[in-house]
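Visitor: I would like a close look at a single helix in this structure. Please describe its two sides and its packing in one connected account.

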2 protein chains.
Amino acid sequence: MPRVDSQRREPPGLSSASKVPIPTLERLTTYLRCLIDLGASGVETVSSAEIEHHTGINAAQFRKDLSYFGEFGKPGVGYNVAELEGRIARILQIHRVQPILLVGAGNLGSALLGYPGLKEHKFHIVAAFDNDPHKIGKKTWDIDVFDLRRIGEVNEVLGARIAILAVPAGAAQAVTEQLVEAGVRAILNFAPIILRVPRHVAVRNVSFLQELAVLSYHLTSDPLAADK
Amino acid sequence: MPRVDSQRREPPGLSSASKVPIPTLERLTTYLRCLIDLGASGVETVSSAEIEHHTGINAAQFRKDLSYFGEFGKPGVGYNVAELEGRIARILQIHRVQPILLVGAGNLGSALLGYPGLKEHKFHIVAAFDNDPHKIGKKTWDIDVFDLRRIGEVNEVLGARIAILAVPAGAAQAVTEQLVEAGVRAILNFAPIILRVPRHVAVRNVSFLQELAVLSYHLTSDPLAADK
């Protein structure tokens with residue numbers, strides 16, 4: 001039985017490979033976003049209290065999150081904004097361009113291709129794949145769409161290790177196997193199924209339905225619900 | 001300082017209102033998906049071991065998750081598929097149509113409108129809002145796009161309590177305040193900022209960047225990384 005990322009927190013291969021809690025990694029991106037904004041506004045140093053003010057994340061939590069990665073900041077002075085930004089980017093391996101394969105060039109895949117935040121954070125979708133003959137050989141948002149069957153061959157050239165999976169549920173497992181075969185070791189999965197992957201491959205699942213169902217449950221459990 | 005959903009697990013107002021752990025609610029949607037598929041294949045009863053086989057979620061975890069909501073199944077017989085499906089749907093309030101507002105009819109918003117899984121699970125996007133004069137007054141995927149400023153007025157008629165926020169970061173907080181004012185109590189947020197909301201409003205954040213950054217970190221921390 002493969003291990004399963006049923007809680008979004010422990011993708012297969014990820015928790016075992018890393019001593020850093022996943023929520024810490026998730027919060028690092030929030031700190032990074034905040035530091036980029038502060039840097040752009042000309043701020044040079046920042047305290048953990050100011051980080052709390054900007055991100056809503058508790059100052060003690062912020063210091064604890066950083067402590068996994070060594071020494072940061074100076075007592076009484078705070079953190080150098082540019083330096084901390086650079087160190088967090090290196091921790092997350094987004095200080096240099098990270099090539100990504102997109103599988104599924106439908107509505108969602110195309111929307112992701114056009115998502116402006118990705119390139120800002122050095123995530124570059126370098127190729128898209130689909131099985132629709134009307135899409136293959138064309139470009140979407142300036143990215144070539146290849147035949148799904150060519151994942152291995154194309155990635156021999158591109159060497160991407162991350163893939164975004166935006167295909168229907170029925171196709172997801174077979175495509176995953178192709179991706180793993182092609183050297184991909186991290187998959188962002190939008191298909192509403194639980195992927196079976198080898199231990200060295202990490203999966204993060206994004207399920208819109210799951211998110212909406214949790215919110216929907218909230219509507220009944222909320223103590224104010226009866227008033228409205 | 002508002003409470004913050006920095007870990008995706010405890011949106012403001014949600015953990016306090018509910019004794020059921022969020023991961024349990026997340027897993028319920030996986031069970032539901034599995035039960036729908038089993039029902040469609042003509043399966044009438046299912047054991048917790050079979051649920052584990054199909055979903056990858058441990059049988060004991062499955063039984064514990066259900067235990068939050070009362071008695072289910074019969075010892076030695078298992079669970080009636082149709083009955084369990086109906087009960088989980090009612091728990092998640094998706095046994096009847098749940099109307100949803102979509103704010104932001106850009107690439108991502110349009111992709112969500114076309115996402116086939118939503119309607120299958122009774123989540124109906126009933127209106128879209130945008131500030132682009134080229135979109136206002138037209139239809140996207142057969143849904144009317146209204147002027148952003150009309151959220152309150154339109155929702156007086158529609159009465160939606162859930163909204164999907166797919167606007168740029170800079171607009172997200174102001175739109176959120178409009179939504180709360182219009183009676184929305186649960187927000188699925190795609191904007192890369194932490195929303196400030198009153199305690200009775202639940203937020204779930206979906207951040208593609210955060211997911212990719214966690215995966216990117218995995219590439220370095222993986223013990224096999226050096227071999228490839």
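Guide: Two residues are in contact if their C-beta atoms, placed from the backbone, lie within 7 Å. Helices are DSSP runs of H or I with at least four residues, numbered from the N terminus. This is a predicted model, in which local features need pLDDT of at least 70, side-chain atom pairs count only at pLDDT 80 or more, and totals for chains, interfaces and linings use all residues. Residues are numbered from 1 along each chain as its sequence is written, while chains are lettered from A and ligands numbered from 1 in the order in which they are written.

The part chosen is helix H4 of chain A, residues 59-67. Within H4(A), Phe62(A), Asp65(A) and Leu66(A) are buried, a residue being buried if 20 or more other C-beta atoms lie within 10 Å of its own, exposed if 12 or fewer, and partly exposed in between, with C-beta atoms placed from the backbone. These three lie on the same side of H4(A) because they cover an arc of only 95° around the axis; the arc is that of the directions from the helix axis to the C-beta atoms. An α-helix has 3.6 residues a turn, so residues three or four places apart point the same way. On the other side of H4(A), Ala60(A) and Ser67(A) are exposed.

The buried residues of H4(A) pack against H2 and helix H3 (48-55) of chain A. Of these partners, H2(A) comprises residues 22-40, 19 residues in number, and reaches 28 Å from its first C-alpha to its last. That span is close to the 27 Å expected at 1.5 Å a residue, the expected value being 1.5 Å times one less than the number of residues. After H2(A) comes Gly42(A), with a positive phi near 85°.

How values were computed: Helices (H or I, at least four residues) and strands (E, at least two) are DSSP runs, numbered from the N terminus.
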